[in-house]
Amino acid sequence: MNSRLIAAQVIQQVMQGHSLSDVLAKTLPTLTTRDRAWVQTVSYGVCRFYPRLTYLLTQLLTKPLKAKEQQLQALLLVGLYQLSEMQVPAHAAVAETVNAAVSLKKPWAKGLVNAVLREYLRRQDFLTTEIAAQLEAHYAHPTWWIDAIKIAWPTHWQAILTANNVHPPLVIRVNQRQTNREDYLLRLKHAELDADPLPETSYGIRLATPVPATQLPGFENGDVSIQDGAAQLAATLLTLAPQQRILDACAAPGGKLTHILELQPDATCIAVEKDFSRLALIKENLQRLRVNADCICQDAANVTAWWDGQLFDRILLDAPCSASGVIRRHPDIKLLRQPTDIPAFAQQQQRLLHALWPLLKPKGLLLYATCSIFPQENTDVLDAFLSTHSDAQEVKINTDWGLPCAIGRQILPGPADRDGFYYARLEKTR
């Protein structure tokens, strides 16, 4: 099957509300190595620039497509992405995308695809100028999203939007139970993989060029894990000590959990995750890294269904959120999120905080984390919680990374090539 059509089918499923990573997980194994790389690149690229590509398409169509022509729309976006963002020769991009339209079994679709793509080539300079004047098209984000970031970060919004459209680096975490960063950097050099140490951690490494995990020396043996530098900060913020009993709520895919166990292998860790398929990812990571945790498939907020009554020294609440800080890694968020999602996530975060707080020992520490940059999911949630819990107090995070907030610290996407992340620590006073 034509790889352009396969990419269009992937995009169509995302347009219908499916996760890009889930769709690709089912699609890519059926393809050749060459087609697999191409389809993945184009699918991510179309999602990354979806608002811009959609704007271009509206300028090039003489009349809107009917709602039932979603696959054709996706194919046109694939064609426009090749011409506007990739280095694909124009004649090849047009010809192959037109050939893909033949498979739609709609005789008129072939002519429409050819006409739209050739019209783009004729008007490319003019349309590029037009894009610069259109906020949504220029920054390739939905208007409501741009407005929300402007309100949250009035002096940083342009940098955030720009960073969201940059292809993310491959960042790995060295397993210090098995090796150290200096030795692993030498192994990468011997494997002809350029890399440099990540600031603010003693185990993070950023590769100059992303490669499949299987190409990382010792990956299968648990020498390293893939984890962004911002996420690598979580385990150290918990101020771990031997023999602690630790809860990782909403634990999938297990990156922070395994990091905790690498730093404190004698800790008793309980990992709760309500999604069965994502719980399987945790177990795979635990097995690969040869560490142990008690994995429970449950809604963490439904405490009576899983808790054994023993209090925890530490609780990591990596709360479900809008994922607004990791758009560069998950560009389909631009298609999937709606304005009503933000307050809905905030309610869910409050529910989890209130449910889990009684499980913490006196003098115990709860680390609240999200990969969101919206205060509604971060400082606002913590402020509301503290106002109703006299036995909770913030433990300041004294560091140079991120930006200080009224409560906790915010890492914005971009600086030091990190994802956007929020952290706050709460201590139980009695």
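Modeller: Ala, Val, Leu, Ile, Met, Phe, Trp, Tyr, Cys and Pro count as nonpolar, Asp, Glu, Lys and Arg as charged, and the others, Gly among them, as polar. The model is predicted.

Colleague: By class, how many residues of each kind are in the lining of the second largest pocket?

Modeller: This pocket has about 180 Å³ of space. Its lining is made of Leu61, Thr62, Lys63, Pro64, Leu65, Lys66, Lys68, Glu69, Trp108 and Leu112. Sorted by class, these are five nonpolar, one polar and four charged residues.

Colleague: Are the rings of Phe49 and Tyr81 stacked or edge-to-face?

Modeller: There are eight aromatic pairs in the structure. In the pair of Phe49 and Tyr81, the ring centres are 6.5 Å apart and the planes meet at 25°. Planes under 30 degrees apart count as stacked, so this pair is stacked.

Colleague: How many residues apart are Phe49 and Tyr81 along the chain?

Modeller: Phe49 is in the loop between α3 (33–48) and α4 (50–60), while Tyr81 is in helix α5 (residues 70–84). The pair therefore links distant parts of the chain. The separation is 32 residues.

Colleague: Is Phe49 buried or exposed?

Modeller: A residue is buried when its relative accessible area is under 20%. Tyr81 has 8% and meets this cut-off. Phe49 has 12%, so Phe49 is buried.

Colleague: Are the rings of Tyr368 and Tyr422 stacked or edge-to-face?

Modeller: Planes over 60 degrees apart count as edge-to-face. The rings of Tyr368 and Tyr422 have centres 6.2 Å apart and planes at 75°, so the pair is edge-to-face.

Colleague: In which strands do Tyr368 and Tyr422 lie?

Modeller: Tyr368 and Tyr422 are 54 residues apart, and the pair links distant parts of the chain. Tyr368 is buried at 0% relative accessibility, and Tyr422 is buried at 0% too. Tyr368 lies in strand β9 (residues 360–370), and Tyr422 in strand β13 (residues 421–428).

Colleague: Which element gives the most residues to the largest nonpolar core?

Modeller: The largest nonpolar core has 53 residues, and Val39, Val42, Val46, Leu53, Leu80 and Val113 have the most contacts inside it. Two or more residues come from each of α1 (3–15), α2 (20–27), α3, α4, α5, α6 (90–102) and α7 (107–133). With nine residues, the element that gives the most to this core is α5.

Colleague: The charged end of which residue sits over the ring of Trp157?

Modeller: A charge over a ring occurs at Phe312, where Arg245 lies over the face at 4.5 Å from the ring centre. At Trp157, the charged end is 4.7 Å from the ring centre and belongs to Lys150.

Note on methods: Residues numbered from 1 in each chain as written. Predicted model: local features only at pLDDT ≥ 70, side-chain atom pairs only at ≥ 80, totals over all residues. Heavy atoms only, no water. 1 Å grid on protein atoms, 1.4 Å probe; cavity = no way out; pocket = protein on both sides within 12 Å on 5 of 7 lines; lining within 4 Å. Points joined across faces, edges and corners; volume = space filled by probe spheres on them. Phe/Tyr/Trp six-rings, centres within 6.5 Å; stacked < 30°, edge-to-face > 60°. Helix = DSSP H or I, 4+ residues; strand = E, 2+ residues; numbered from the N terminus. Buried < 20%, exposed > 50% of the residue type's maximum accessible area, 1.4 Å probe, protein only. Lys NZ or Arg CZ within 6 Å of the ring centre and 35° of its normal. Core = buried A, V, L, I, M, F, W, Y, C linked by side-chain atoms within 4.5 Å.
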